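Here is a set of short exercises to work through with the model open beside you. Try each task before reading its solution.

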Amino acid sequence: MQTETSTLLSVRHLVKHFPVEGSDDVVQAVDDVSFDIIAGETLGLVGESGCGKSTVGRCLLRLHEPTSGEVLFEGTDIVGLPNNEMQALRRQMQIIFQDPYASLNPRLRIRSIISEPLKIHRIGTKAEQNERVADLLQKVGLDPNYADRYPHEFSGGQRQRIGIARALALNPKLIICDEPVSALDVSVQAQVVNLLQDIQEEFGLTYLFISHGLAVVEHISNRVAVMYLGKLVEICDAVELYERPLHPYTQALLSAIPVPDPKHKRDRIVLTGDVPTPINPPSGCRFRTRCPLATDECAAVVPELREIRPGHFAACIKVDGYETSKTN
C-alpha cells in the first residue's frame, strides 16, 4: 500500500478472537485486518461501537495479544517478541485512553503518574524526572505547580491533558489515541484535538486516532480507515473519503453527520436491522444483512480490500462502476 521507507507501522492479516467462557465459541473481534501507518501522519480509524477498532489499537501495543497476524514497527514484528525486547520497544509506542477518570490512578499525585514511565525505563535522576514532569505539564497547557495534586482535583479535560503528558514522557514515535475526546464536552473536545495537533507538529508524532466521532476524525486525520464487524471496509485520504465514499457502509455513516444549518437537509441513509453478533458473523460480506445493494452473491464472496481509485481501497464487490456523488 505504501513504500517501505515511509512506513512506520505495518499491520498484516491481524486477527484477535476472544474465547467465550463456558463455550467453544469465540468473539471474532478483529478478523484479517491489514493497513499501514506512515511516519508523521494521523490515520483515523472509525466505525460503530463494537466494530473492533479499540481492539486493533490495543493489539498494536500487545495490551491484547493478537491471535495471529503481523504488527511490524519499523520493520520489527512485535507479535511474539520477548518481554524484555517488547518493553524496550514500548518507549516508541504509547497510548492515550478514552476515559480520563479511569486511566489515572486516584492514589497517585500527578507528578508520580507522569514520571512513572521514566522510572520504569530508568531514565534520568529524580531531579531530571521532576524537571521533565514540569516541562510536560507546560506543554499540555497546565501549570507545573499542579504536579503535587491528585486526579480528583482536575476536570475531565485537564485529566486528559495529564494523560497526554504521560504518553509524551518517553518521546514516542507512535501514539494510539483510543477515543481520547469522546468522554469530554464538545467545547473541551476541540481544545484537546487542537492540542494533539500542536504537539504532533512540535514532536513529529504519528497517530492512530480511534473514534466514532466522524466530524472529529475529519478534522484531525490525513487518511481514514472504516471498520465494520471486525473488518476494514474502506481506507483512503480523508478528503476523498468524506467527499466520495465508495462503500455503502461508509456512505451510511457519513449521511448521519449532523449539518449545522437547519435549512440544509442531508439525504440520510437509514440502515435496517441490527449489527450481527461477532460470535457468528454473516457469511461472505459481513455488511450484507444491512446493505441496500446486497445480492445473493454477497453471501458467497468475502470481499477483498481492493484499490478502486489511486490510494482509495474498498471491500465491496458492487463498488466497481458504482457512481457516488459528494455526500449532501
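A crossing of two helices is right-handed if the near helix is turned clockwise from the far one by less than a right angle, and left-handed if anticlockwise. Keep in mind throughout that the model is predicted.

**Exercise 1. Describe how H5 packs against H6.**

Solution.

Step 1: Start with the geometry. Two packed helices are described by the angle between their axes and the distance between the axes. Here the axes of H5 and H6 (residues 186-203) come within 10 Å and cross at roughly 20°.

Step 2: Classify the angle. Angles under 35 degrees count as roughly parallel, and H5 and H6 are therefore roughly parallel to each other.

Step 3: Apply the opening definition. The crossing of H5 and H6 is right-handed.

Step 4: List the contact residues. H5 contributes Gly157, Gln160, Arg161, Ile164 and Leu168, while H6 contributes Val188, Gln191, Val192, Leu195, Leu196, Ile199 and Phe203.

Step 5: Sort them by class. The contact of H5 with H6 has eight nonpolar, three polar and one charged residues.

**Exercise 2. Repeat the analysis for H3 and H5.**

Solution.

Step 1: H3 (residues 110-120) and H5 (residues 156-168) pack with their axes 7 Å apart, at an angle of about 30°.

Step 2: With that angle, H3 is roughly parallel to H5.

Step 3: The hand of the crossing of H3 and H5 is right-handed.

Step 4: On the H3 side, the contact is formed by Ile110, Ile113, Ile114 and Pro117; on the H5 side, by Ile162, Ala165 and Arg166. By class, the contact of H3 with H5 holds six nonpolar residues, no polar ones and one charged.

Step 5: Look at the spacing in these lists. An α-helix has 3.6 residues a turn, so residues three or four places apart point the same way.

**Exercise 3. Work out the strand order of the open sheet of eight strands, and find its edge strands.**

Solution.

Step 1: Trace the order across the sheet, which reads S6-S7-S8-S3-S9-S10-S12-S11, with mixed pairing.

Step 2: Find the strands that pair on one side only. These edge strands are S6 (93-96) and S11 (306-309).

Step 3: Add the twist, which averages 20° from one strand to the next.

Step 4: Inspect one end. S11 and S12 (residues 312-314) run antiparallel and are joined by three bridges. In this pair, arginine 309 stands opposite histidine 312 of S12.

Step 5: See which helices lie on the sheet. H5 lies across S6 and S7 (174-178), running at about 175° to S6. H9 (residues 248-255) also packs on the sheet, where H9 touches S9 and S10 and its direction makes about 105° with that of S9.

**Exercise 4. Is strand S3 buried or exposed, and which strands does S3 pair with?**

Solution.

Step 1: Count buried residues. Five of the five residues of S3 (residues 42-46) are buried, so S3 is largely enclosed by the rest of the structure.

Step 2: Check each face. Thr42, Gly44 and Val46 are buried on one side, and Leu43 and Leu45 are buried on the other.

Step 3: Turn to the neighbours. S3 runs parallel to S8 (residues 206-211), with five bridges between them, and valine 46 has serine 211 as its bridge partner in S8. S3 also runs parallel to S9 (residues 223-228), with four bridges, and glycine 44 stands opposite valine 224 of S9.

**Exercise 5. How many residues of H9 are buried, and what covers them?**

Solution.

Step 1: Eight of the eight residues of H9 are buried, so H9 is largely enclosed by the rest of the structure. Among them are Tyr249, Leu253 and Leu254.

Step 2: The cover over these buried residues includes H7 (214-220), S9, S10 and H8 (238-243).

**Exercise 6. Compare the settings of arginine 122 and leucine 229.**

Solution.

Step 1: Check the backbone. Phi of arginine 122 is near 55°, a positive value in a residue other than glycine. Leucine 229, not a glycine either, has a positive phi of about 50°.

Step 2: Locate them. Arginine 122 is found in the loop between H3 and H4 (126-139), and leucine 229 in the loop between S9 and S10 (231-237).

Step 3: Judge the exposure. Exposed means over 50% relative accessible area, and buried under 20%. Arginine 122, at 78%, therefore counts as exposed, whereas leucine 229, at 3%, counts as buried.

Conventions
Residues are numbered from 1 along each chain as its sequence is written. This is a predicted model: local features need pLDDT of at least 70, side-chain atom pairs count only at pLDDT 80 or more; totals for chains, interfaces and linings use all residues. Side-chain values use heavy atoms; hydrogens and water are left out. Axes are lines fitted to C-alpha atoms, for helices over the stretch in contact, and angles run from 0 to 180 degrees between N-to-C directions. Helices (H or I, at least four residues) and strands (E, at least two) are DSSP runs, numbered from the N terminus. Angles under 35 degrees count as roughly parallel, over 145 as roughly antiparallel, 65 to 115 as roughly perpendicular and the rest as oblique. Contact means heavy atoms within 4.5 Å. Ala, Val, Leu, Ile, Met, Phe, Trp, Tyr, Cys and Pro count as nonpolar, Asp, Glu, Lys and Arg as charged, and the others, Gly among them, as polar. Buried means under 20% relative accessible area, exposed over 50%, partly exposed in between (1.4 Å probe, protein chains only). Two strands pair if DSSP finds at least two bridges between them.
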